[in-house]
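Colleague: Let's go through this model together. I'll ask, you answer.

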Amino acid sequence: MMPSGPRKARVRRRKGEAAGFTLLELLVVVAIIGVLTGFVAPRYFSQVSKSEINTAKAQIDALGKALDQYRLDTGNYPSAELGLNALLVRPPSVPGWNGPYLRKQVPLDPWGKPYVYRVPGEKGVDFDLLSYGKDGQPGGSGEAADIMNR
């Protein structure tokens, strides 16, 4: 007697034959995943680097505003020796300090390195606040470019 209906669609297997995927089917799936990864990964990683650069710009802007508030209260920007920690801890012999000027510790840049603070700044500005980018070295381009407050 022949099976009918939904049972007819089932393939009969011999005793002891295991159900599963063939090696060819698995290789095709791995190749498809590889092709998709090749298209998606570069776009994803370029977005990550853009977000790190934007984060550094935002942090530099926030630190610059805190430095401006410090100057309004004390009459000067913190010296290079005091550095950015003067935004958190009252320096000795600084009249008018009304901080802390940051809610949290001075952040590291998105690549885990401290921001560079120079006072007076180059090119006639009051201070320079910068990150050397992903490579941590002055100069560079792309992800390794310096990010500055000016």
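Colleague: How far does the backbone nitrogen of Gly133 lie from a polar atom of the side chain of Ser131?
Modeller: Some ground rules come before the number. This is a predicted model: local features need pLDDT of at least 70, side-chain atom pairs count only at pLDDT 80 or more, and totals for chains, interfaces and linings use all residues. Residues are numbered from 1 along each chain as its sequence is written, and side-chain values use heavy atoms, with hydrogens and water left out. From the Ser131 side chain to the backbone nitrogen of Gly133, the distance is 3.2 Å.

Colleague: Which side chain makes a polar contact of 2.7 Å with that of Ser131?
Modeller: A polar contact is a pair of N or O atoms within 3.5 Å; within protein, one must be able to donate a hydrogen and the other to accept it, and residues adjacent in sequence count only if both atoms are side-chain atoms. At 2.7 Å, the partner of the Ser131 side chain is that of Asp109.

Colleague: Is Ser131 buried or exposed?
Modeller: Take the cut-offs: buried is under 20% relative accessible area, exposed over 50%, and partly exposed in between (1.4 Å probe, protein chains only). Ser131 has a relative accessible area of 1%, so it counts as buried.

Colleague: How far apart are the C-alpha atoms of Ser131 and Trp111?
Modeller: Contact means heavy atoms within 4.5 Å. Leaving aside neighbours within four places in sequence, Ser131 is in contact with seven listed residues, including Ile60, Tyr115 and Trp111. Trp111 is 20 residues away along the chain, and the C-alpha separation is 9.1 Å.

Colleague: What is the order of the strands in the open sheet?
Modeller: Strands (E, at least two residues) and helices (H or I, at least four) are DSSP runs, numbered from the N terminus. Two strands pair if DSSP finds at least two bridges between them. Here the pairing is antiparallel, and the order is S1-S2-S3.

Colleague: Which are the edge strands?
Modeller: Three bridges join S1 (residues 116-118) to S2. Two bridges join S2 to S3 (residues 147-148). The strands that each pair on one side only are S1 and S3.

Colleague: Which residue stands opposite Leu130 in S3?
Modeller: Toward S1, Leu130 is the bridge partner of Val116. In S3, Ile147 is the partner of Ser131. Opposite Leu130 in S3 stands Met148.

Colleague: Are the faces of S2 covered or open?
Modeller: Asp128 and Leu130 are buried on one side of the strand (residues 128-131). Leu129 and Ser131 are buried on the other. Both faces are covered.

Colleague: What is the relative accessible area of Thr74?
Modeller: Thr74 lies in H2. A polar atom of its side chain lies 2.8 Å from the backbone oxygen of Tyr70. Leaving aside neighbours within four places in sequence, Thr74 is in contact with Val94, Pro95, Gly96 and Trp97. Thr74 is buried, at 17%.

Colleague: What is the area of the nonpolar surface patch made by Leu24, Val28, Ile32 and Leu36?
Modeller: Patches are made of residues with over 30% relative accessible area and no salt bridge (a side-chain nitrogen of Lys or Arg within 4 Å of a carboxyl oxygen of Asp or Glu); like charges are joined within 9 Å and nonpolar side chains (Val, Leu, Ile, Met, Phe, Trp, Tyr) within 5 Å. Ile32 lies in H2 (residues 23-74) and is partly exposed at 48%. The patch comes to about 400 Å².

Colleague: Which pattern does the protein follow along the sequence?
Modeller: The protein has two helices and three strands. Of its 150 residues, 23% count as buried. Read along the sequence, the pattern is α-α-β-β-β.

Methods. Accessible areas come from the Shrake-Rupley method with a 1.4 Å probe; for residues, only the protein chains shown count as cover.
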